[in-house]
Amino acid sequence: MQRLFDRSLRFTRDDGTAFPDWEELTLGSVAKFSKGRGISKDDIVADGKVPCIRYGELYTVYGARISDVVSKTNSRAESLLFSKPGDVVLPASGETPLDMPSASCVLSGGVALGGDITVIRSSINGVFLAYLLRSHRRKAVARLAQGNSVVHLYGAHLATLKLVIPADPEEQGKIADALGALDDKIAAASSQIKHMQTFKKGLLQQMFV
């Protein structure tokens with residue numbers, strides 16, 4: 001990730017030609033910001049019709065990509081804010097500034113976004129942007145957060161964030177796909193480790209009964 005985002009490692013087009021240089025911009029020049037609408041813990045129901053994301057889940061459940069949404073609600077549609085594919089979401093408040101860059105890209109539309117979530121809708125590849133904010137620009141995002149006992153990060157703060165990104169959306173997509181594939185491998189390995197730990201536990205129980 002470090003080599004990709006500092007451009008010491010570059011992808012090429014499928015025909016082998018080089019992509020153009022990266023461009024510097026502010027996030028506010030290519031993005032619009034909004035805020036999710038309140039979905040309380042009591043609004044979450046197992047048989048709900050509407051998939052939803054709550055603020056706390058950005059810390060505990062999701063990584064850079066959100067494909068499978070774990071919570072559902074039956075809250076009225078007119079009271080909710082729904083995602084569009086590629087939206088990037090961040091917590092609007094947290095305990096420390098370094099909590100704030102917990103950015104995730106919502107891969108599907110129609111997901112209700114709960115309160116205390118800042119929503120970024122931009123022309124940048126959403127998965128690329130989520131990885132960039134979580135890693136290479138993590139400290140810069142943290143410096144934008146304001147507050148003491150509770151820190152806050154809103155769209156007005158994020159609009160001033162300076163980014164250097166690939167000028168060609170295709171290169172953004174290649175970086176996003178590469179990092180996503182690595183995350184998939186990590187998840188698969190973690191699942192296999194948990195399975196083997198369970199197998200070992202069962203085997204030990206049978207051996208010593």
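This passage looks at salt bridges and a nonpolar surface patch in a predicted model.

Salt bridges are a good place to start. The model holds six salt bridges in total, and three of them are described here in turn, each with its place in the chain and its exposure to the surroundings.

One of these pairs joins Arg-10 and Glu-171, whose closest N and O atoms are 2.7 Å apart. Arg-10 sits in the loop between α1 (2–5) and β1 (22–26), while Glu-171 belongs to helix α6 (residues 169–208), so this contact ties together parts that are 161 residues apart in sequence. The two partners can also be placed by their accessibility. Glu-171 has a relative accessible area of 1% and is buried, because the cut-off for buried residues is under 20%. Arg-10, with a relative accessible area of 31%, is partly exposed.

A further salt bridge links the side chains of Arg-13 and Asp-168, with an N to O distance of 3.3 Å. Here both residues come from loops: Arg-13 from the one between α1 and β1, and Asp-168 from the one between β13 (162–166) and α6, so the pair connects parts of the chain 155 residues apart in sequence. Arg-13 is partly exposed, at 27% relative accessibility, whereas Asp-168 is buried, at 16%. Readers following the structure on screen may like to view Arg-10 and Arg-13 together, as the loop between α1 and β1 carries Arg-10 and also Arg-13.

Strands supply another pair. The side chains of Asp-87 and Arg-121 meet in a salt bridge, 2.7 Å from N to O. Asp-87 lies in strand β6 (residues 87–91) and Arg-121 in strand β10 (residues 117–122), so the pair ties together parts that are 34 residues apart in sequence. As for accessibility, Asp-87 is buried at 1%, and Arg-121 is partly exposed at 32%.

Attention now turns to the surface. A nonpolar patch is formed there by Met-196, Phe-199, Leu-203, Leu-204, Met-207 and Phe-208, which together have about 660 Å² of accessible area. Met-196, one of the patch residues, lies in helix α6. With a relative accessible area of 46%, Met-196 is partly exposed, because it falls between the cut-offs of under 20% for buried and over 50% for exposed. Its value also explains why Met-196 can qualify for the patch on accessibility, for which over 30% is needed. Helix α6 thus appears twice in this account: Glu-171 of the salt bridge with Arg-10 lies in this helix, and so does Met-196 of the nonpolar patch.

Note on methods:
Residues numbered from 1 in each chain as written. Predicted model: local features only at pLDDT ≥ 70, side-chain atom pairs only at ≥ 80, totals over all residues. Heavy atoms only, no water. Salt bridge = Lys/Arg side-chain N within 4 Å of Asp/Glu carboxyl O. Helix = DSSP H or I, 4+ residues; strand = E, 2+ residues; numbered from the N terminus. Buried < 20%, exposed > 50% of the residue type's maximum accessible area, 1.4 Å probe, protein only. Patch = residues over 30% accessible without salt bridge, like charges linked within 9 Å, V, L, I, M, F, W, Y side chains within 5 Å. Areas by Shrake-Rupley, 256 points an atom, 1.4 Å probe, with all protein chains shown as cover.
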